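Student: I've got a model open on my screen and a few things to ask about it. Can we go through them one at a time?

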Amino acid sequence: MAIMIKTLHEIEKMRISGKALRQVHDAIAPHVIPGVSTMDLEEIAVRKIAELGAIAAFKGYHGYPSALCTSVNEEVVHGMPNAKRILKEGDILSIDCGVIIDGFYSDAAVTYPIGEVTPETRKLLDVTSASLERAIEQCKVGGRLGDVSAAVQDLCEAEGFGVVREFVGHGIGRSMHEDPQVPNFGVRGKGPRLKAGMVLAIEPMINAGGPEVHVLKDGWTAVTDDSSFSAHFEHTVAITKDGPMVLTR
Ligand code: MF3
Ligand code: CO
C-alpha cells in the first residue's frame, strides 16, 4: 500500500484528534500514583474520551478489550488494564492510548515513574523520551524514513539499551495503522523519502536490558525476555513544509 498524503485540511482534523488525545493523557496523569490500579486509569480514560465526544481507537481492535494499554515494568506494550494490578513505588507504567474524532486517528504513549525509581530506570525513561524527540526532529521534507529510525536506535544503543524489533511505529490517518512501518532501528539515508502530508506515529519501545521480547499466554502482553524494565513513548507527527508538527503534544 502506498503512503497516504494528507491535505492541510486533513492534518487540521488530525490535530483536533491529537489535541483530544492529549487531554485524555492529561486527565490520567495526576492519578498515576502508588495504590492506583491500572483499571482505575482505564475508567478515567473511558470517561474523558466520552466527554470529548471521541471514540477509543484500541477497544475492539483485533479483539483488544480496553481503551488503554497499561504496561508495567517489564511489560513492553499491550498490557491490559486490570483491577488487581496495583501500582507501587518504584514501578514504571507505560500508558498508550488512541482516539478517533471525525474519522481521524491519533495515537500517543508515555511512560511514568511511580514515585521514586532507581537512577537506571530514570535514565531509561529520559533516554527513550529523548530518542522520540530526536526522531521527531528528523521529520522534515526531503529526509528519509531511515533518518527517523536511526535517530532512535543510535541514541538508545549508545546508552546501552535494547531496541525492540518486533513492534514498530506506523503511518496513521483514517486508519490506526497505515504505511509505512516506522521501525526504531534503521540506516540514515535509506528508506522512503519524507514528503509533506505524511503523518507518522513514532513510538520507541526500549528495554533496559536486551532487545528480545515475547508475548504472554494472554495473547497481548509483550514482555522483555530478561525481565528488564521497558519504556514506551509515542507521538503522532505530521510532516509539513515548515517542519515536523507534533499533533499529540
Ligand atoms: N500504539 C499501539 C499501536 O500502534 C497501540 C495498539 S494497541 C491495540 O499499535 F490494542 F489496539 F492493538
Ligand atoms: Co502506535
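Student: Is Cys-139 buried or exposed?
Tutor: Keep in mind that this is a predicted model. Buried means under 20% relative accessible area. Cys-139 comes out at 0% relative accessibility, so Cys-139 counts as buried.

Student: Which cysteine has the sulfur closest to that of Cys-139, and how far away is it?
Tutor: The closest cysteine sulfur belongs to Cys-156. A disulfide needs the two sulfur atoms within 2.5 Å. The gap here is too far for a bond, because it comes to 15 Å.

Student: How many disulfides does the structure hold?
Tutor: Let's take Cys-97 as another case: its nearest cysteine sulfur is in Cys-69, 8.7 Å away, and Cys-97 is in no disulfide. Cys-97 is also buried, with a relative accessible area of 0%. For the structure, the number of disulfides is zero.

Student: On to the ligand. Which side chain has an N or O atom 2.7 Å from an oxygen atom of ligand 1?
Tutor: Glu-203 has a side-chain N or O atom 3.0 Å from a ligand 1 oxygen, and for Glu-234 the partner is a ligand nitrogen, at 3.2 Å. Neither value fits your number. The side chain you want is that of His-170.

Student: How much of the accessible area of ligand 1 does the protein cover?
Tutor: Ligand 1 sits in the largest pocket. On its own, the ligand has 330 Å² of accessible area. The protein covers 94%.

Student: How many charged residues are in the shell around ligand 1?
Tutor: There are 13 residues around the ligand, and Asp-96 and Glu-203 are among those that come nearest. By class, six are nonpolar and three polar, and the charged ones number four.

Notes: Residues are numbered from 1 along each chain as its sequence is written. Chains are lettered from A and ligands numbered from 1 in the order in which they are written. This is a predicted model: local features need pLDDT of at least 70, side-chain atom pairs count only at pLDDT 80 or more; totals for chains, interfaces and linings use all residues. Side-chain values use heavy atoms; hydrogens and water are left out. A residue is near a molecule or strand if one of its heavy atoms lies within 4 Å of it. A polar contact is a pair of N or O atoms within 3.5 Å; within protein, one must be able to donate a hydrogen and the other to accept it, and residues adjacent in sequence count only if both atoms are side-chain atoms. Accessible areas come from the Shrake-Rupley method with a 1.4 Å probe; for residues, only the protein chains shown count as cover. On a 1 Å grid over the protein atoms alone, a cavity is a set of points where a 1.4 Å probe fits but cannot get out, and a pocket is an open set with protein on both sides within 12 Å along at least five of seven lines; lining residues have an atom within 4 Å of a point. A molecule sits in a cavity or pocket if more than half of its atoms lie within 2 Å of its grid points. Ala, Val, Leu, Ile, Met, Phe, Trp, Tyr, Cys and Pro count as nonpolar, Asp, Glu, Lys and Arg as charged, and the others, Gly among them, as polar. Buried means under 20% relative accessible area, exposed over 50%, partly exposed in between (1.4 Å probe, protein chains only).
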